[in-house]
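I opened this model to look up its helices, its charged pairs and its surface. My notes follow in the order I made them.

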Amino acid sequence: MTATLTERYISATIRSLEPGMRNDIRAELEASIADAIEARVAQGEAAQEAERRVLAELGDPGILAAGYADRPLHLIGPKYYLAWWRLLKLLLWIVPLCVAGAMALGLLVSGQDVGESIVQSLSVGLQVIVHVGFWTTLVFVVLERTGADTGVKWDVDQLPEIPEDGAGRSELTASLVFLGIAAGAVVWDLVRGFFPTGGEPIPILNPGLWPWWIGVLFALIILEAVFAVALFRLRRWTTAMAVLNTVLALAFAAWALILLLRGELVNPEFLSFVAVAGGDGFAAGNAQAAGNGGIFRILAVLLGCGIAAGIGWDIVDGWRKAVRERGTARG
């Protein structure tokens, strides 16, 4: 015998419920559906059409069953959503970058090809992103299903400070002071040298960079100072300012990394001294030998990664402030 639509609907609804609930829910549904069909028939609808419309209005039996069982139909509800989202964003900012950066640094120091190191690091970083997203979400799904208390309570002390726009007088002063110190350090390095050797200090930057390459560096420092003043006068970050900041940052990165890759950024005398002091077995004055491995490679990798990280953060910070300013303007 073929079951009616009502019997099939009730069966689909109660089959996921606990056995102790099924008979009561069945009786309740049978009565309410029968009453609704009877009311439609009394208004002139055909019995079969009335039955279909009543069941359609009740909706998906799975959703109806979840309502009877007080079972959530979402992975993470409002109670835990903000805690999950804040933690996930924090972990995604920190963990993949740290893991990928550490792996790239290790591969480069060990002598791995730059391109291959980048590919492997990006691959590992993507895997870490997947794992962080999955396991963090799984923890909160378990909390949602078990109704556990995370102990996280909101109060007014957690209200964030109003973020500064990064274009105030203090930021201008800090930028100009830093640029002045950087320019002074370059001149001091040439004239007096920074690295102590027990005798005459050794310049760290290659003296052969003077005057042209150092002139380019001073030009970039002046442009950075002009940018800082323009940002202060504008009083806010814009898309155009973020673009200019990116161009200046990339220009400095190109200046430093080109010289570093060509082996012309650091003073050969300084490299020879470090190589001998580090027990690498390189003869003093043989900068080419020192540049072929050992301590020089480690220093070059660390310096290159440090420059790339600093430039990357400067670019990201500029765009972050520009996006925040745009959101504030729209609000």
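**Entry 1: the end of H3.** I began just after H3, where Gly-59 takes a positive phi of about 85°. I kept in mind that this is a predicted model. H3 itself covers residues 47–58, which makes 12 residues. I compared its reach with expectation: 17 Å from the first C-alpha to the last, close to the 16 Å expected at 1.5 Å a residue.

**Entry 2: the faces of H3.** Which residues of H3 are buried? I found Ala-50, Glu-51, Val-54 and Leu-55. Looking down the axis of H3, I noted that the buried residues fall within an arc of 125°, so they line one face of the helix. An α-helix has 3.6 residues a turn, so residues three or four places apart point the same way. On the other side of H3 I listed Gln-48, Arg-52, Ala-56 and Glu-57 as exposed. The cover over the buried residues of H3 includes helix H1 (5–14) and helix H2 (19–42).

**Entry 3: salt bridges around H3.** I next went through the charged pairs. Side chains of opposite charge can pair when their charged atoms come close. The count for this model comes to seven salt bridges. Arg-40 is bridged to Glu-45, with the closest N and O atoms 2.9 Å apart. Buried or exposed, I asked of Arg-40 and Glu-45? Both are buried. I also found Arg-40 and Glu-45 in a network of salt bridges that links them with Glu-49, Arg-53 and Glu-57. Of these, Glu-57 was already on my list of exposed residues in H3.

**Entry 4: two other salt bridges.** The side chains of Arg-262 and Glu-264 meet at 3.1 Å, N to O. Arg-262 counts as partly exposed because its relative accessibility is 48%, and buried would mean under 20%. Glu-264 has a relative accessible area of 27% and is therefore partly exposed as well. I then looked at Asp-317 and Lys-321, whose closest N and O atoms are 3.1 Å apart in a salt bridge. Both residues lie in helix H12, four residues apart, about one turn of the helix. Both Asp-317 and Lys-321 are buried.

**Entry 5: H6.** I took H6 next, residues 114–146. At 1.5 Å a residue its 33 residues should span 48 Å, and the end C-alpha atoms are 48 Å apart, which agrees. Its buried residues include Ser-117, Ser-121, Gly-125, Val-128, Val-132 and Phe-140. What do the buried residues of H6 pack against? I found helix H5 (78–109) there. Just after H6, Gly-147 takes a positive phi of about 70°.

**Entry 6: Ser-121.** I picked one residue of H6, Ser-121, for a closer look. Its relative accessibility is 5%, so Ser-121 counts as buried. Leaving out residues up to four places away in sequence, I found that Ser-121 touches Ala-100, Met-103, Ala-104 and Leu-107.

**Entry 7: a nonpolar patch.** On the surface I found a nonpolar patch formed by Leu-87, Leu-90, Trp-93, Ile-94, Leu-97, Trp-313 and Val-316. Together they have about 720 Å² of accessible area. Which elements give two or more residues to the patch? They are H5 and helix H12 (294–330). H5 supplies the largest share, five residues. I placed Trp-313 in helix H12.

**Entry 8: Leu-250.** I found Leu-250 in helix H9, residues 239–261. Leu-250 is partly exposed, with a relative accessible area of 47%. I checked its distance to Asp-314: the two are 64 residues apart in sequence, and 9.9 Å apart in space from C-alpha to C-alpha.

**Entry 9: the whole chain.** I finished with totals. The protein chain has 12 helices and zero strands. Of its 331 residues, 31% count as buried. Among contacts with a separation of 6 or more, residues 24 or more positions apart account for 66%. The protein chain exposes about 20800 Å², and carbon and sulfur atoms supply 65% of it.

How values were computed: Residues numbered from 1 in each chain as written. Predicted model: local features only at pLDDT ≥ 70, side-chain atom pairs only at ≥ 80, totals over all residues. Heavy atoms only, no water. Buried < 20%, exposed > 50% of the residue type's maximum accessible area, 1.4 Å probe, protein only. Expected span 1.5 Å × (residues − 1). Arc of directions from axis to C-beta. Contact = heavy atoms within 4.5 Å. Patch = residues over 30% accessible without salt bridge, like charges linked within 9 Å, V, L, I, M, F, W, Y side chains within 5 Å. Areas by Shrake-Rupley, 256 points an atom, 1.4 Å probe, with all protein chains shown as cover. Salt bridge = Lys/Arg side-chain N within 4 Å of Asp/Glu carboxyl O.
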